[in-house]
Amino acid sequence: MGLIVEVENGDDNDAVLVPPPNFAMVEDCIFRSSFPTSSNFPFLQTLNLRSIIYLCPEPYPEENLEFLRSQNIRLFQFAIEGKTDISTPILKDSIMDALKVLIDVRNHPVLIHCKRGKHRTGCLVGCLRKLQNWCLSSVFEEYQRFAGAKSRTMDLTFIEMFDILSLSQCLYSIIYQYHGYGSKKRRLLYKEENLQKPRLTSF
């Protein structure tokens, strides 16, 4: 899923913007990708990101942290191992916490990424789709489109078994609201009095 964007500047030279591999828009102001490198920074600048959700346990590279600081982007890290047993409570808890950050529109625009933008990212997006009442076959199709030949049955099982109702203690305050723009676009909004403070990874 490679994508290269050419932008013309005032000097009539073409500036090439290179997104990270597996980059895509999930929803308005929600994006997904593999791990960004310095070659992707100019492209990320065009997204006007407010937050990044990072789903790996490894420390964020200093080069990336410098970019985040320069752009005033907040980093939320959830340390999920690459092949975590789906029965492990830490996986469910980490995805649950990441979902709370993801649906808080104060953190938008937001980029979700892990190492390759396939499994951990796919699980988080899959659970978001369940929250959005997508049918399971569509959720699986989207996961497999990004995972390709690396699709994992255990990830699909985790998504299927993930209990969205267990979020009810904090998500009952979320409302679906249609915005304008000439089309029916739903956005998730918190009622201010029920907001929980997001967990922010300090630099």
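**A mixed sheet and its helices**

Biologist: At 2% relative accessibility, does Tyr143 count as buried or exposed?

Modeller: The structure is a predicted model, and Tyr143 has its place in helix 5. The relative accessibility of Tyr143 is 2%, and the limit for burial is under 20%. Tyr143 therefore counts as buried.

Biologist: Which residues does Tyr143 touch, not counting residues up to four places away in sequence?

Modeller: Proximity in space can be illustrated by Val125, which is 18 residues from Tyr143 in sequence and 8.0 Å from Tyr143, C-alpha to C-alpha. The residues that Tyr143 touches, with those up to four places away in sequence not counted, are Lys118, His119, Gly122, Cys123, Ser151, Arg152, Asp155, Leu156 and Ile159.

Biologist: At what angle do helix 5 and helix 6 pack?

Modeller: Helix 5 covers residues 136-147 and helix 6 covers residues 153-161. Their axes are 11 Å apart, and their crossing is right-handed. The packing angle is about 145°.

Biologist: How do the residues of the contact of helix 5 with helix 6 divide, and how many of them are nonpolar?

Modeller: Helix 5 contributes Leu136, Val139, Phe140, Tyr143 and Gln144, while helix 6 contributes Asp155, Leu156, Ile159 and Glu160. By class, these residues divide into one polar, two charged and, as the number of nonpolar residues, six.

Biologist: In what order do the five strands of the open sheet lie?

Modeller: The chain has seven helices and nine strands, and five of the strands form this open sheet, with mixed pairing. Strand 3 (24-27) and strand 6 (74-77) are the edge strands, each pairing on one side only. Neighbouring strands are turned against each other by 25° on average, direction ignored. The order of the strands is 3-4-7-5-6.

Biologist: In which sense, parallel or antiparallel, do strand 3 and strand 4 pair?

Modeller: Strand 4 comprises residues 30-33 and is joined to strand 3 by three bridges. Within these strands, Ala24 stands opposite Arg32. The sense of the pairing is antiparallel.

Biologist: Which residue is the bridge partner of Arg32 in strand 7?

Modeller: Strand 4 pairs with strand 7 in the parallel sense over four bridges. Arg32, which stands opposite Ala24, has a bridge partner in strand 7 as well, namely Ile112.

Biologist: Which residue in strand 6 stands opposite Tyr54?

Modeller: Strand 5 pairs with strand 7 in the parallel sense over four bridges, and Ser51 stands opposite Val110 there. Strand 5 also pairs with strand 6, again in the parallel sense over four bridges. In strand 6, the residue opposite Tyr54 is Gln77.

Biologist: Are the residues that point either way from strand 7 buried or exposed?

Modeller: In a regular strand the side chains alternate between the two faces of the sheet. In strand 7, Val110 and Ile112 point one way and Leu111 and His113 the other. Strand 5 follows this pattern with Ser51 and Ile53 one way and Ile52 and Tyr54 the other, all of them buried. The four residues named in strand 7 are likewise all buried.

Biologist: What angle does the direction of helix 3 make with that of strand 5?

Modeller: Helix 3 (residues 89-102) packs on the sheet and touches strand 4, strand 5 (51-54), strand 6 and strand 7 (110-113). The angle between the directions of helix 3 and strand 5 is about 165°.

Biologist: What is the relative accessibility of Ser33?

Modeller: Ser33 is found in strand 4. Beyond its neighbours within four places in sequence, Ser33 has contacts that include Pro20, Asn22, Leu111, His113 and Thr121. Ser33 counts as buried because its relative accessibility is 0%.

Biologist: Which residue is joined to His108 by a cis peptide bond?

Modeller: Most residues other than glycine have a negative phi, and most peptide bonds are trans. The bond in question has an omega of about -5° and leads into the loop between helix 3 and strand 7, where its second residue is found. That residue is Pro109.

Biologist: Does Asn133 count as buried or exposed?

Modeller: Phi is near 65°, a positive value, in Asn22 and also in Asn133. Asn22 lies in the loop between strand 2 (14-17) and strand 3 and, at 8% relative accessibility, counts as buried. Asn133 lies in the loop between helix 4 (119-131) and helix 5. Because its relative accessibility is 63%, Asn133 counts as exposed.

Methods: Residues numbered from 1 in each chain as written. Predicted model: local features only at pLDDT ≥ 70, side-chain atom pairs only at ≥ 80, totals over all residues. Heavy atoms only, no water. Helix = DSSP H or I, 4+ residues; strand = E, 2+ residues; numbered from the N terminus. Pairing = 2+ DSSP bridges. Axes fitted to C-alpha atoms, helices over the stretch in contact; angles between N-to-C directions. Contact = heavy atoms within 4.5 Å. Left-handed = near helix turned anticlockwise from the far one by under 90°. Nonpolar A, V, L, I, M, F, W, Y, C, P; charged D, E, K, R; others polar. Buried < 20%, exposed > 50% of the residue type's maximum accessible area, 1.4 Å probe, protein only.
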